[in-house]
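Please open the model in your viewer and keep the selection tool at hand. The stops below move from charged pairs to aromatic rings, then to the nonpolar interior and the cysteines.

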Amino acid sequence: MQHRSFGLAALTTEMVKSGDRILDLGPLSSGTTQAFLRLNCQCHIEDLVEYLSENQNSADPLKALEDHLLPKPANLKFDVILCWDLLNFLELDVIQHLIRLLQPHLKQGTILHTMRYTGRQQPHKPRRFRLLENFCFEYVDDPSYPEVPSKGHSTVTLLKCMDRFSLFNSLMKREGMDQNVTEHFLEYDSVTSRNQVRSGGASDVSAYFRNVREDERIAMPGVEKALSSINSLTASPTVLECGRKNGRNIDALKKKVGSLYVEDLHASMAWQKKLHGDESGFSASIFNMDPGTRLDGVFLWDLLNFYSPQQIQQLGELLGARMTPGATLHFVVYKSAQIPERPATFEALDDGQVAVTGIASGRCSRSLSSTAELMRLLPGYRLHNHQIGRLPSGDSYQEFVLQYKP
């Protein structure tokens, strides 16, 4: 059986950087260590499978765990801990003791990755993972592995015994994943807003497993104009990305700015409509950022096409209340009266182009009557750049870069 690990792909493509310290609680045989070594990471192996094999009937499993773990330098702090599926086979008091023993080597932001079995048929021993390619693993039934039935720990139960760790992200039921496995990222002493993308942030990495077709690529000069304007304000600008979530897009933008916040505005508004009806407005709580955060740039992509004039005006005011003078607002407006029935997915690429996917074939009427009306709805903003283009679907659009001038 095979399992594609979106979590481990996220670690290597978005989260881990050169020089990071990795603690692998599984055996060396998985092959993943080589991927981290290629990133110039420092890798430490503990092999808790060996601990399970040797201490199943131990009178004092906590003392046996202490004896099993290797001594570490006092100043060693881990950035990432790989648990594989091993927490499924440890008693809760052993997991709690493990975290206590590792605590001197944890720091704020340490990420712990684990795989939890959720199906009715729980394994009766840990699985040996063998890396094939693209973080697709083959489960190998290793006869040397101990027969230790899965304990069936719930996520809540695990968190209760893992002092100061909180759930950061979960990945499940993606294409190629074992449908009975949920991958969890836990973060130690998290204090960062849930919206902020960090070096320890795991975005939706499914985009990493598909190639961008040539007919999905377009040039959007306004994006580069916006980024240039944003970076001219400060050495480490703060940007809000409001488009539909896409891992590579988030990764590309994070490389070009200082701090990046992400809010899937389309999903947030869909929830607001479900609660309050089609004419519901924006709530200030949508932008859940650290207190005092000021924005140097905002990317709205094609979202304004799907809001009423009142909603656009309200959104402009909410954003303006958080933007620094001279901050940049980027968006595109469809030119025709009939527009796609929902927003597309925009992905800034490393070569400066933009991939546009998920363009709906169904059509609806545009709510905006003219560009002049749009500018009247955004009175605190001044036109900085304007471009005309055509999407891969053939839809014509106008690309706007505005600057906030209160």
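A salt bridge is taken here as a side-chain nitrogen of Lys or Arg within 4 Å of a carboxyl oxygen of Asp or Glu. The model is predicted, and a search of the whole structure finds 16 salt bridges.

**Charged pairs**

Select D142 and R128, which form a salt bridge whose closest N and O atoms are 3.0 Å apart. Since D142 lies in the loop between β7 and α6 (155-161) and R128 in strand β6, the pair ties together parts that are 14 residues apart in sequence. Color the two by accessibility and you will find that both D142 and R128 are buried.

Next, select R217 together with E214, and display the salt bridge between them, in which the closest N and O atoms are 3.6 Å apart. E214 counts as exposed because its relative accessible area is 64%, whereas R217, at 23% relative accessibility, is classed as partly exposed. Keep R217 selected and add D351, with which R217 forms another salt bridge, the closest N and O atoms here being 2.6 Å apart. This pair links distant parts of the chain, given that D351 sits in the loop between β17 and β18 (354-357) and R217 in strand β11 (residues 217-218), 134 residues apart. Then add K125, D141 and E147, which are joined into one network by salt bridges that share partners.

**Aromatic rings**

How many aromatic pairs does the count come to? The count comes to ten, and a good place to begin is F129 with Y139, whose ring centres are 5.3 Å apart and whose planes stand at 85 degrees, so that the pair is edge-to-face. F129 belongs to strand β6 (residues 128-133) and Y139 to strand β7 (residues 136-140), ten residues apart, and the pair links distant parts of the chain. Both F129 and Y139 are buried.

Move on to W301 and F346, an aromatic pair that is stacked, with 5.1 Å from centre to centre and 10 degrees between the planes. W301 lies in strand β14 (residues 295-301) and F346 in strand β17 (residues 345-348), so the pair ties together parts that are 45 residues apart in sequence; W301 is buried, and F346 is buried too. Finally, select W84, F129, F137 and Y139 as a group, since these residues form one aromatic cluster.

**Nonpolar cores**

Turn now to the largest nonpolar core, which has 57 residues, and select L11, L48, I81 and M162, the members that touch the most others. Helix α1 (residues 6-15) gives the most to this core, with six residues. Centre the view on L48: leaving aside neighbours within four places in sequence, L48 is in contact with L25, L65, H68, L69, L86, L90 and L98. A second, separate core has 31 residues, among them M269, L304, Y381 and L402.

**Cysteines**

To finish, display the cysteine sulfurs, for which the count of disulfides comes to zero. C41 is in no disulfide, and the nearest cysteine sulfur, that of C43, is 5.9 Å away; with 7% relative accessibility, C41 counts as buried. C83 is likewise in no disulfide, the nearest cysteine sulfur being that of C161, 11 Å away, and is C83 buried or exposed? C83 is buried, its relative accessible area being 1%.

Definitions and conventions:
Residues are numbered from 1 along each chain as its sequence is written. This is a predicted model: local features need pLDDT of at least 70, side-chain atom pairs count only at pLDDT 80 or more; totals for chains, interfaces and linings use all residues. Side-chain values use heavy atoms; hydrogens and water are left out. A nonpolar core is a set of buried Ala, Val, Leu, Ile, Met, Phe, Trp, Tyr and Cys residues joined through side-chain atoms within 4.5 Å. Buried means under 20% relative accessible area, exposed over 50%, partly exposed in between (1.4 Å probe, protein chains only). Helices (H or I, at least four residues) and strands (E, at least two) are DSSP runs, numbered from the N terminus. Contact means heavy atoms within 4.5 Å. A disulfide is a pair of cysteine sulfur atoms within 2.5 Å. Rings of Phe, Tyr and Trp (its six-membered ring) pair if their centres lie within 6.5 Å; planes under 30 degrees apart count as stacked, over 60 as edge-to-face and the rest as tilted.
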